[in-house]
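Work through the following exercises with the sequence and the model open. Try each task before reading its solution.

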Amino acid sequence: PAGYPDRAQQGFSLPMRAWMLDPLSSLCHYHLEALQASGWLQPTWISGQWQLFKAGQLHWRRAWCLVVLGEWAIRSQQQ
């Protein structure tokens, strides 16, 4: 369209919260359970953080960090 190349860049955000609560929920739970089993953090604290996320009181980035740490726990057990 006319003017499109001259338009300022626009950012966008992914619907991570919605994805983590619906299509990615089983993946998230799997990784959080692995993190709880690792003993690296208190299991009750991990589940509490997830509950805060579900309640909208914890940003998805912090919850996602726990999910990723759970993946790292799984990979470290495989070595």
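**Exercise 1. Count the salt bridges and locate what you find.**

Step 1. Apply the rule: a salt bridge is a side-chain nitrogen of Lys or Arg within 4 Å of a carboxyl oxygen of Asp or Glu. By this rule the count is one salt bridge.

Step 2. Name the partners. The side chains of Glu71 and Arg75 form the salt bridge, with 2.5 Å from N to O.

Step 3. Place the pair in the chain. Glu71 and Arg75 are four residues apart in helix α4, so about one helical turn separates them. Helices here are DSSP runs (H or I, at least four residues), numbered from the N terminus.

Step 4. Check the accessibility of Glu71. Its relative accessible area is 25%, so Glu71 is partly exposed. The classes are buried (under 20% relative accessible area), exposed (over 50%) and partly exposed in between, with a 1.4 Å probe and protein chains only.

Before going on, note the basis of these values. This is a predicted model, in which local features need pLDDT of at least 70 and side-chain atom pairs count only at pLDDT 80 or more, while totals for chains, interfaces and linings use all residues. Residues are numbered from 1 along each chain as its sequence is written, and side-chain values use heavy atoms, with hydrogens and water left out.

**Exercise 2. Count the disulfides and explain the result.**

Step 1. State the cut-off: a disulfide is a pair of cysteine sulfur atoms within 2.5 Å. The count by this rule is zero disulfides.

Step 2. Look at Cys28. The closest cysteine sulfur to that of Cys28 is in Cys65, 12 Å away, which is too far for a bond.

Step 3. Compare the surroundings. Cys28 is buried, at 0% relative accessibility, whereas Cys65 is exposed, with a relative accessible area of 52%.

**Exercise 3. Describe how α2 packs against α4.**

Step 1. Choose the quantities. Two packed helices are described by the angle between their axes and the distance between the axes. Axes are lines fitted to C-alpha atoms, for helices over the stretch in contact, and angles run from 0 to 180 degrees between N-to-C directions.

Step 2. Read the geometry. Helix α2 (residues 25–38) crosses α4 at roughly 65 degrees, and the two axes come within 7 Å. The crossing of α2 and α4 is left-handed (the near helix is turned anticlockwise from the far one by less than a right angle; clockwise would be right-handed).

Step 3. List residues in contact (heavy atoms within 4.5 Å). From α2 they include Cys28, His31, Ala34 and Ser38, and from α4 they include Trp64, Gly70, Glu71 and Ala73.

Step 4. Sort the residues of this contact. They divide into twelve nonpolar, three polar and one charged. Here Ala, Val, Leu, Ile, Met, Phe, Trp, Tyr, Cys and Pro count as nonpolar, Asp, Glu, Lys and Arg as charged, and the others, Gly among them, as polar.

Step 5. Examine Ser38 of α2. Ser38 is partly exposed, at 22% relative accessibility. Its C-alpha atom is 6.3 Å from that of Ala73, and the two residues are 35 apart along the chain.

**Exercise 4. Do the same for α3 and α4.**

Step 1. Read the geometry. Helix α3 (residues 43–54) packs with helix α4 (residues 60–78) at an angle of about 145 degrees, and the axes are 9 Å apart. α3 passes α4 in a left-handed crossing.

Step 2. List the contact. Trp45, Gln49, Trp50 and Phe53 of α3 meet Trp60, Ala63, Leu66 and Val67 of α4.

Step 3. Sort these residues. There are seven nonpolar, one polar and no charged.

Step 4. Examine Gln49. With a relative accessible area of 16%, Gln49 is buried. Apart from neighbours within four places in sequence, Gln49 is in contact with Leu58 and Leu66.

**Exercise 5. Which residues does Lys54 contact, leaving aside its neighbours within four places in sequence?**

Step 1. Locate Lys54: it lies in helix α3. Lys54 is partly exposed, at 41% relative accessibility.

Step 2. Apply the filter. The contacts of Lys54 are then Arg17 and Leu21.

Step 3. Set sequence beside space. Lys54 and Gly70 are 16 residues apart in sequence and 18 Å apart from C-alpha to C-alpha.

How values were computed: Helices (H or I, at least four residues) and strands (E, at least two) are DSSP runs, numbered from the N terminus.
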